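Dear colleague,

Please find the structure below, handed over for your work. My notes on helix packing, the core and the aromatic pairs follow it.

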Amino acid sequence: MAEVIIVGSREDAGALAADEIARLIRARPDTVLGLATGSTPLPVYRALRPRLAGVDVSRVRGFALDEYVGLDPEHPQSYRSVIAREVVAPLGLDPARVRVPNGAPDGIEHAGADYEAAIEAAGGVDLQILGIGTDGHIGFNEPGSSFASLTRVKTLTRQTREDNARFFDDIDDVPRHCITQGLGTILRARHLLLLAFGAGKADAIARAVEGPVTAMLPGSAVQLHPHATVIVDEAAAGRLRLAGYYRETWQHKPDWQGL
Ligand code: F6R
């Protein structure tokens, strides 16, 4: 099962995740990070900045999970812009070593295969940061996505477009299509770090971690991964049946195990 860690706040979650990522980069300067966007990973990226001060990050690579199709790459909410603003610039990464799927309609039919090839050429993702949608999606793998899926174009659900309308002026401005790493792509990463905050995520988290493994809840794919860590705040942990067990396990975890 995934290791579930219940923390007091988003900041605590960010610190815990950032400690692990900084440790990894110090140990392996050519670490390949899988980068989520959305609001969830922001405390991680913020906590990472001071931890990477003085650390050589010139060889770190990054692969974003997903991108909107047809949104101008210069749009402030394109994931290319978000990754540049929230990750590459503050952490001092080399922009040439951080990729985002190409959501340009021209050539979109090849963009998924190109992205898979680039991840493979980089040696695969060492640590994949994930958020989860209220409908259970990870990346933009909406309910029904195959566990074997690779990077490809998907249609966003109405629920996801409504959730993401907060980043746009109007729901009609939220693109209908995206290009996303598949569940199969995500499962190839060596370590999954799934974060969730707030009561709105409690149902998706409980189903992802403790429910049946089903394509109807794409986040349940984490149960198939040999090294998955789930960090949630109290509100997002609200529906976990084994919350007491997770707390006890974390409290007594041997130091040598790490995350
Ligand atoms: C973002 C992504 C999505 C988000 C999810 C949650 O790259 O792949 O799966 O992680 O939609 O979004 P937030 O964090 O904004 O609640």
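The helices α1 and α2 are oblique to each other, because an angle that is neither under 35 degrees, nor over 145, nor from 65 to 115 counts as oblique, and theirs is about 50°. Please note that this is a predicted model. The axes of α1 and α2 (residues 42-51) lie 7 Å apart, and the crossing of the two helices is right-handed.

On the α1 side, the residues that meet α2 are Arg10, Gly14, Ala15, Ala17, Ala18, Asp19, Ile21, Ala22 and Arg26. Their partners in α2 are Pro43, Val44, Ala47, Leu48 and Arg51. As general background, an α-helix has 3.6 residues a turn, so positions three or four places apart point the same way.

Helix α2 also packs against α3. Here the axes come within 10 Å and cross at roughly 10°, so α2 and α3 are roughly parallel to each other. Leu42, Tyr45, Arg46, Leu48 and Arg49 of α2 make this contact with Glu86, Val87, Pro90 and Leu91 of α3.

Which residues of α2 are buried? They are Leu42, Pro43, Val44, Tyr45, Ala47 and Leu48. Their cover includes the helices α1 and α3 (79-91), together with the strands β2 (32-35), β6 (127-130) and β9 (191-196).

Turning to the core, the largest nonpolar core has 82 residues, and Ile205, Ile231, Val232 and Leu240 touch the most other members. Helix α1 (residues 10-27) gives the most to this core, namely 8 residues. With residues up to four places away in sequence left out, Ile205 touches Ile132, Leu194, Ala196, Glu210, Val230, Val232, Ala236 and Leu240.

One residue of helix α1 may be followed individually: Leu24. Leu24 counts as buried, because its relative accessibility is 14% and the cut-off for buried is under 20%. Apart from its neighbours within four places in sequence, Leu24 is in contact with Thr31, Asp126 and Leu127. From Leu24 to Ile179 the separation is 155 residues in sequence and 28 Å in space, C-alpha to C-alpha.

How many aromatic pairs does the structure hold? There are 6 aromatic pairs. Phe63 and Tyr115 form an edge-to-face pair, with 5.7 Å centre to centre and 80° between the planes. Phe63 belongs to strand β3 (residues 61-64) and Tyr115 to helix α4 (residues 108-121), so that distant parts of the chain, 52 residues apart, are linked. Phe63 is buried at a relative accessible area of 3%, and Tyr115 is buried at 1%.

Tyr68 and Phe168 likewise form an edge-to-face aromatic pair, at 5.7 Å centre to centre and 80° between the planes. Because Tyr68 lies in strand β4 (residues 66-68) and Phe168 in the loop between α5 (158-164) and β8 (177-180), the pair ties together parts that are 100 residues apart in sequence. Both Tyr68 and Phe168 are buried. Tyr68 and Phe168 also belong to one aromatic cluster with Tyr79 and Phe140.

With kind regards

Terms used
Residues are numbered from 1 along each chain as its sequence is written. This is a predicted model: local features need pLDDT of at least 70, side-chain atom pairs count only at pLDDT 80 or more; totals for chains, interfaces and linings use all residues. Side-chain values use heavy atoms; hydrogens and water are left out. A nonpolar core is a set of buried Ala, Val, Leu, Ile, Met, Phe, Trp, Tyr and Cys residues joined through side-chain atoms within 4.5 Å. Buried means under 20% relative accessible area, exposed over 50%, partly exposed in between (1.4 Å probe, protein chains only). Helices (H or I, at least four residues) and strands (E, at least two) are DSSP runs, numbered from the N terminus. Contact means heavy atoms within 4.5 Å. Rings of Phe, Tyr and Trp (its six-membered ring) pair if their centres lie within 6.5 Å; planes under 30 degrees apart count as stacked, over 60 as edge-to-face and the rest as tilted. Axes are lines fitted to C-alpha atoms, for helices over the stretch in contact, and angles run from 0 to 180 degrees between N-to-C directions. A crossing is left-handed if the near helix is turned anticlockwise from the far one by less than a right angle, and right-handed if clockwise.
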